[in-house]
Amino acid sequence: MHHFIYKDNELYCESVAIADIAKAVGTPFYLYSSATLAHHFNTFDKSFAELSHLTCFAVKSCSNLAILRLFSTLGGGADIVSGGELYRSLKAGIDPRRIVYSGVGKTEEELRYGLVSGILMFNVESEQELEKLQQVAQEQDLVAPVSFRVNPDVDPKTHAYISTGLAKNKFGIPIEQAEKVYLRAKEMSHIKILGVSCHIGSQLTEISPFTETLHKVKQFVSRLETHGISIEYLDLGGGLGVRYQDEKPPHPQEYARALKEEMEGLRCTLILEPGRVIVSNAGILVSQVLYTKRTGSKNFIIVDAAMNDLARPSLYDAHHDILPVIRQSGQAVNEDLEIADVVGPICESGDFLAKDRELPILGQGDLMAVMSSGAYGFTMSSNYNSRPRAAEVLVKDDQFYVIRERENYETLIRDENIPDFLE
Ligand code: LLP
């Protein structure tokens, strides 16, 4: 369910005509619907209402302050993977006691920042990280709350780049070696064991890898109990998929039901780290056609958004639906369809938003929307080819708000210096 709908052949976000936003802020821009964001967050969170749980939104999927604030007003916490994400989350008003810190390579400085901020727990991913955390905690005279991210070696059946819970992936501690690490942590003066965590991958469209993981983790928790280690939090990570094209991912309620069954007999609080399922379909990328080139062998629609704005098609061959903002604009030749590549201005053949796609014929100046771009869209954007990053806009009812200004040439070079010897 989302709030990007046509009214009289014109695409709206809630009650705002997208063309009006384009006129005011220029293109390209990311556009989010606050009603959709809230709906998705609440649907997900309420699916777990019967369980003691905490929904920690995966900040990496969409990290704008305004959006984080929206989730915090709905009772959300945050799953972070860097000091920068911690900074954002705190600035957005997320309660540090609702923040979990994942990631294989936390620096000493980041560990300290998390610790003094009073986050709920660190999801520690190696024995060396544990040693470092103990040292930092001792220096600060604080006790570090930890869970260990275990790698259950479960196949999430998703794209290789975004699968994380297989033995060959860099993430977590192999589950069969983790017991030893827990026993080590138990002896440490400035470490408090709170939980067990895992995250097996992203864009999962089946439930069984989740339940298989939970099953393994449950057995592991019982083993820990025999050593007198009790587990308060069980963090299952994120990963629930969405529909980009013809996938049929389980509804959050179905996912929750399956987990509830598997949680039977466990007295832990469940932590969930959803990203994509909350924001993906709540955001789009709006772009304008610069030129069209119809070469006889190929049709190219050259637009002003590129792989630096949305990396997913180039990086994962990901499919994003493309819709015209005006279904029959003056410039669109007619209602016929054509097969075209939608490409950006970047100097690489890998710069495309869609390949060999059947689309309504688009002409110069037409606006188009790249759908389902709310997750891993803006957050993965870059300045490649010295392109200022796009603006981000949030709609609420009949109003829109620029929640991130478009970058400009000055911001592009703001942090660069020419050393004296070159002056
Ligand atoms: N928790 C941890 C520890 C994670 O590493 C991730 C995602 C999540 C939660 C959230 O997963 P989600 O619910 O969004 O699936 N850039 C890729 C996705 C990378 C996901 C990385 N980790 C893409 O655009 O598909």
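Student: Which residue in β19 does V286 stand opposite?

Tutor: In this predicted model, V286 stands opposite A369 in β19. A pair like this belongs to two neighbouring strands, and here β14, residues 283-294, is joined to β19, residues 367-370, by four bridges, with the two strands running antiparallel.

Student: Which other strands does β14 pair with, and in what sense?

Tutor: Strand β4, which covers residues 29-33, is joined to β14 by four bridges and runs antiparallel to that strand; within this pairing, Y32 stands opposite G283. Strand β15, residues 299-303, also pairs with β14 in the antiparallel sense, this time over five bridges, and here K293 stands opposite F300. As you follow any of these strands, keep in mind a general idea: in a regular strand the side chains alternate between the two faces of the sheet.

Student: How many residues lie between β14 and β15 in their hairpin?

Tutor: There are four residues between the two strands of that hairpin, and in the turn G296 has a positive phi of about 100°.

Student: Where do the two domains lie along the chain?

Tutor: Domain 1 is made of two stretches, 4-32 and 280-413, whereas domain 2 takes up 34-279. Taken over C-alpha atoms, the centres of domain 1 and domain 2 are 33 Å apart, and the contact draws 24 residues from domain 1 and 24 residues from domain 2.

Student: How much area do domain 1 and domain 2 bury between them?

Tutor: The general idea is that the size of an interface is often given as the accessible area lost when the parts come together. In this structure domain 1 and domain 2 bury about 2,000 Å² between them, with 56% of that area on carbon and sulfur atoms. On the domain 1 side, Y316, H319 and Y376 lose the most area to domain 2, and together they account for 27% of what that side buries.

Student: Which salt bridge and how many polar contacts should I look for between the domains?

Tutor: The count between domain 1 and domain 2 is one salt bridge, and you can look at D321 and R243, which form a salt bridge whose closest N and O atoms are 3.9 Å apart. The two domains also have 13 residue pairs in polar contact between them.

Student: Which elements give two or more residues to the side of domain 1 that touches domain 2?

Tutor: They are α11 (312-316), β20 (391-396) and β21 (399-404), and β20 gives the most, with four residues. Sorted by class, that side of domain 1 has nine nonpolar, nine polar and six charged residues.

Key. Residues are numbered from 1 along each chain as its sequence is written. This is a predicted model: local features need pLDDT of at least 70, side-chain atom pairs count only at pLDDT 80 or more; totals for chains, interfaces and linings use all residues. Side-chain values use heavy atoms; hydrogens and water are left out. Domain bounds come from an automatic or database domain assignment. Contact means heavy atoms within 4.5 Å. Buried area is the accessible area (1.4 Å probe) that two parts lose on being put together, summed over both. A salt bridge is a side-chain nitrogen of Lys or Arg within 4 Å of a carboxyl oxygen of Asp or Glu. A polar contact is a pair of N or O atoms within 3.5 Å; within protein, one must be able to donate a hydrogen and the other to accept it, and residues adjacent in sequence count only if both atoms are side-chain atoms. Ala, Val, Leu, Ile, Met, Phe, Trp, Tyr, Cys and Pro count as nonpolar, Asp, Glu, Lys and Arg as charged, and the others, Gly among them, as polar. Two strands pair if DSSP finds at least two bridges between them.
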